[in-house]
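Reader: I'm new to this one and would like a close look at its inside. Please take me through what is buried, what surrounds it and how the parts connect.

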Amino acid sequence: MKICSLQPATGPGFPGEVRRVDYESAVDGRRDWALLRPGANRGLWIVVIHGHGSQGNQLFTHEDIRKTWLPRFLATGAGLLTPNLRGNAWMGPAAAADLHALLAWLRAEHGLRQTIFSSGSMGGTSNLIYGVLHPEDVGGIVARGAASDPASYHDWCLPQRDKGILQQIAQAIRESYGGAPGDAPAVYDRHSALRHADTLTMPVCLSHGGADTVIPVSQSRALAERLNGRAHFSYKEIPGGNHDSPLRETGDFDRVLKTVRGE
């Protein structure tokens, strides 16, 4: 990865000292960016990955998320990293490689030692995928309304022709993964938290709306069944909750934070 620029970033809802880092990917030379805000606790960083259709500034520009999550994150004194990661990439191989390089840069330049990944929807899905690909980079995971298996989720989206967003998601997954599940089975397998649940030994908190029509609750239920009984794992299902319902949860982050801190 080549760092191209690092400069202040401002906007409505942005806290002070947010910086934008522009970089060139070592995978294919693609230019992309991330927002970061160093904290008083130099060792701990919170990684927030945006949902489908949003960008790396979602934590600061999405009103509900900003009001619910940002004050709690800032109160920890941790640094914040909100990467754009190729837009709607669903943590495909190139996005994962870019994030791995970004974290290595933060480790070398900003003293990163521990991370908590706390995100929802596509971001929560990305947290789980990155956790099985690079568990050495992940101290804890909070995944709200997430998919645990990209292949089965992609196939679930396909027949629902009346929901354009699901067709867009399926197409984005195919573009990031090199085709449909049948075209790139090894890639989908590597990126499945469900198939590689044994790798998720860090603290993990899942939450999901019971009536989610964007990512079905069965995705979290299946992973929760695999992780049930493990230390520092919790699953909360919100009866009748929709896709956005878990985004209002804060207790899951607090539980992971306490464990990562050894409290």
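Author: Let's start with a word we'll need throughout: a residue is buried when its relative accessible area is under 20%, exposed when that is over 50%, and partly exposed in between. What you're looking at is a predicted model, and the cysteines make a handy test of the word. Cys157 has a relative accessible area of 0%, which is under 20%, so Cys157 is buried. Cys205, with 3%, is buried too. As for disulfides, a search through the whole structure turns up zero.

Now for the nonpolar interior. The largest nonpolar core has 55 residues, and the members that touch the most others are Leu128, Tyr153 and Leu200. Helix α3 supplies the largest share of this core, with seven residues. A separate core lies apart from it, made of 24 residues that include Leu44, Ile65, Leu80 and Val260. Take Leu200 as a way into the larger one: setting aside neighbours within four places in sequence, Leu200 is in contact with Leu128, Gly131, Val132, Ile141, Ala193, Leu223, Leu227 and Arg230.

His191 is worth a stop as well. You'll find His191 in the loop between α7 (185-190) and β8 (204-209). What is its state, buried or exposed? His191 counts as buried, because its relative accessibility is 2%. Beyond residues up to four places away in sequence, His191 touches Met91, Gly92, Pro93, Ile129, Leu133, Pro150 and Tyr177.

Tyr177 takes us to helix α6, where it is one of the buried residues, along with Leu166, Gln167, Ile169, Ala170, Ala172 and Ile173. Some of those sit three or four places apart, and here's a rule to keep in mind: an α-helix has 3.6 residues a turn, so residues three or four places apart point the same way. The cover over the buried residues of α6 includes α4, α5 (150-157) and α7. Is the length right for a helix, you may wonder? With 14 residues (164-177) at 1.5 Å each, α6 should span 20 Å, and its end C-alpha atoms are 20 Å apart, so the two agree. Right after α6 comes Gly178, with a positive phi near 85°.

Over to the strands. Strand β5 (residues 78-83) has six of its six residues buried, so the rest of the structure largely encloses it. On one hand, β5 pairs with β3 in the antiparallel sense over four bridges, and Arg37 stands opposite Leu80 of β5. On the other, β5 runs parallel to strand β4 (residues 41-47), joined by four bridges; here Asn41 stands opposite Ala78 of β5. As a general point, side chains in a regular strand alternate between the two faces of the sheet.

For a single residue in this region, try Leu35. Leu35 belongs to strand β3 (residues 31-37) and is buried, at 4% relative accessible area. Away from its neighbours within four places in sequence, the contacts of Leu35 are Ala9, Phe14, Val18, Arg19, Arg20, Gly56, Asn57, Phe60, Leu80, Leu81 and Thr82. For a sense of scale, Leu35 and His100 are 65 residues apart in sequence, with 15 Å between their C-alpha atoms.

Arg20, from that contact list, leads on to the charged side chains. Side chains of opposite charge can pair when their charged atoms come close. The structure holds 12 salt bridges, and one of them joins Arg20 to Asp22 at 2.9 Å, N to O. Arg20 is partly exposed, at 29%, whereas Asp22 is buried, at 10%.

Another salt bridge joins Asp137 to Arg107 at 3.0 Å, N to O. Asp137 sits in the loop between α4 (122-133) and β7 (140-144) while Arg107 sits in helix α3 (residues 93-110), so the pair ties together parts 30 residues apart in sequence. Again one partner is buried, Asp137 at 5%, and the other partly exposed, Arg107 at 36%.

The pair Glu237 and Arg221 forms a salt bridge at 2.7 Å, N to O. Glu237 in strand β9 (residues 233-238) and Arg221 in helix α8 (residues 218-227) are 16 residues apart, and their pair links distant parts of the chain. Here Glu237 is partly exposed at 29%, and Arg221 is partly exposed at 43%. Finally, Asp28, Arg86 and Asp98 are linked in a network of salt bridges.

Definitions and conventions. Residues are numbered from 1 along each chain as its sequence is written. This is a predicted model: local features need pLDDT of at least 70, side-chain atom pairs count only at pLDDT 80 or more; totals for chains, interfaces and linings use all residues. Side-chain values use heavy atoms; hydrogens and water are left out. A salt bridge is a side-chain nitrogen of Lys or Arg within 4 Å of a carboxyl oxygen of Asp or Glu. Buried means under 20% relative accessible area, exposed over 50%, partly exposed in between (1.4 Å probe, protein chains only). Helices (H or I, at least four residues) and strands (E, at least two) are DSSP runs, numbered from the N terminus. Contact means heavy atoms within 4.5 Å. The expected span of a helix is 1.5 Å times one less than its number of residues. A nonpolar core is a set of buried Ala, Val, Leu, Ile, Met, Phe, Trp, Tyr and Cys residues joined through side-chain atoms within 4.5 Å. A disulfide is a pair of cysteine sulfur atoms within 2.5 Å. Two strands pair if DSSP finds at least two bridges between them.
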